[in-house]
Amino acid sequence: MGNKYTKRYTEEFKRDAIALVDSSGKTVTAVARELGISSESLRGWYRKAKTDRGEGESGKLTSAEREELKRLRKENREQQQTIEILKKATAFFVKENDR
């Protein structure tokens, strides 16, 4: 989650910072210094934006794909739990039926 000293930035600020890197021709480090933010933060935002635009490294998931994967994993976990419950219930009723 981050500690109490972690600074939070709005999505608008992040978009503007990324646009500044794209339009200014300056390095990420130079733009970060001008804005008074961590160059690593801006670099991460910039890489994520490039990936979301389809310009990133091959094999990297876009934000939408990451969200879908997260949703599908949760759904899969819930279905696995349901299956386990149904297996136990089936075994219980088979055992009860044999009495």
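Trainee: Which residues are linked in a network of salt bridges here?

Mentor: Keep in mind that we're looking at a predicted model. The network joins Asp22, Arg53 and Glu55. Asp22 pairs with Arg53, their closest N and O atoms being 3.2 Å apart. That pair ties together distant parts of the chain: Asp22 sits in helix 1, while Arg53 is in the loop between helix 3 and helix 4 (63-98), 31 residues apart. The side chain of Arg53 also meets that of Glu55, again with an N to O distance of 3.2 Å.

Trainee: Are those three buried or exposed, or somewhere in between?

Mentor: Go by relative accessible area: under 20% is buried, over 50% is exposed, and partly exposed lies in between. Asp22 has 38%, so it counts as partly exposed. Arg53 is partly exposed as well, at 40%, and so is Glu55, at 48%.

Trainee: How many salt bridges does a search of the whole structure find?

Mentor: The search turns up 7. One of them joins the side chains of Glu11 and Lys14, at 3.6 Å from N to O. Both residues belong to helix 1 and are 3 residues apart, about one turn of the helix. Glu11 is partly exposed at 49%, and Lys14 is partly exposed at 21%.

Trainee: Now pockets. What lines the largest pocket?

Mentor: The general idea first: rolling a probe the size of a water molecule over the atoms shows where empty space is left. In this model the largest pocket has a volume of about 210 Å³. Its lining includes Glu11, Lys14, Trp45, Asp52 and Arg53, so you've already met some of these names in the salt bridges. Helix 1 (11-24) and helix 3 (39-52) are the elements that give two or more residues to this lining. By type, the lining has 3 nonpolar, 1 polar and 6 charged residues.

Trainee: How much space lies in the second largest pocket, and which helix gives the most to its lining?

Mentor: About 170 Å³ of space lies there. Helix 3 gives the most to the lining, with 5 residues. Among the lining residues are Lys48, Thr51, Glu55, Gly56 and Lys60. Sorted by type, the lining comes to 1 nonpolar, 3 polar and 7 charged.

Trainee: Why does Thr51 count as buried?

Mentor: Thr51 has a relative accessible area of 11%, and the cut-off for buried is under 20%. Thr51 is placed in helix 3. Leaving out residues up to four places away in sequence, Thr51 touches Gly56, Lys60, Leu61 and Thr62.

Terms used
Residues are numbered from 1 along each chain as its sequence is written. This is a predicted model: local features need pLDDT of at least 70, side-chain atom pairs count only at pLDDT 80 or more; totals for chains, interfaces and linings use all residues. Side-chain values use heavy atoms; hydrogens and water are left out. On a 1 Å grid over the protein atoms alone, a cavity is a set of points where a 1.4 Å probe fits but cannot get out, and a pocket is an open set with protein on both sides within 12 Å along at least five of seven lines; lining residues have an atom within 4 Å of a point. Grid points are joined across faces, edges and corners, and a volume is the space filled by probe spheres set on the points. Helices (H or I, at least four residues) and strands (E, at least two) are DSSP runs, numbered from the N terminus. Ala, Val, Leu, Ile, Met, Phe, Trp, Tyr, Cys and Pro count as nonpolar, Asp, Glu, Lys and Arg as charged, and the others, Gly among them, as polar. Buried means under 20% relative accessible area, exposed over 50%, partly exposed in between (1.4 Å probe, protein chains only). Contact means heavy atoms within 4.5 Å. A salt bridge is a side-chain nitrogen of Lys or Arg within 4 Å of a carboxyl oxygen of Asp or Glu.
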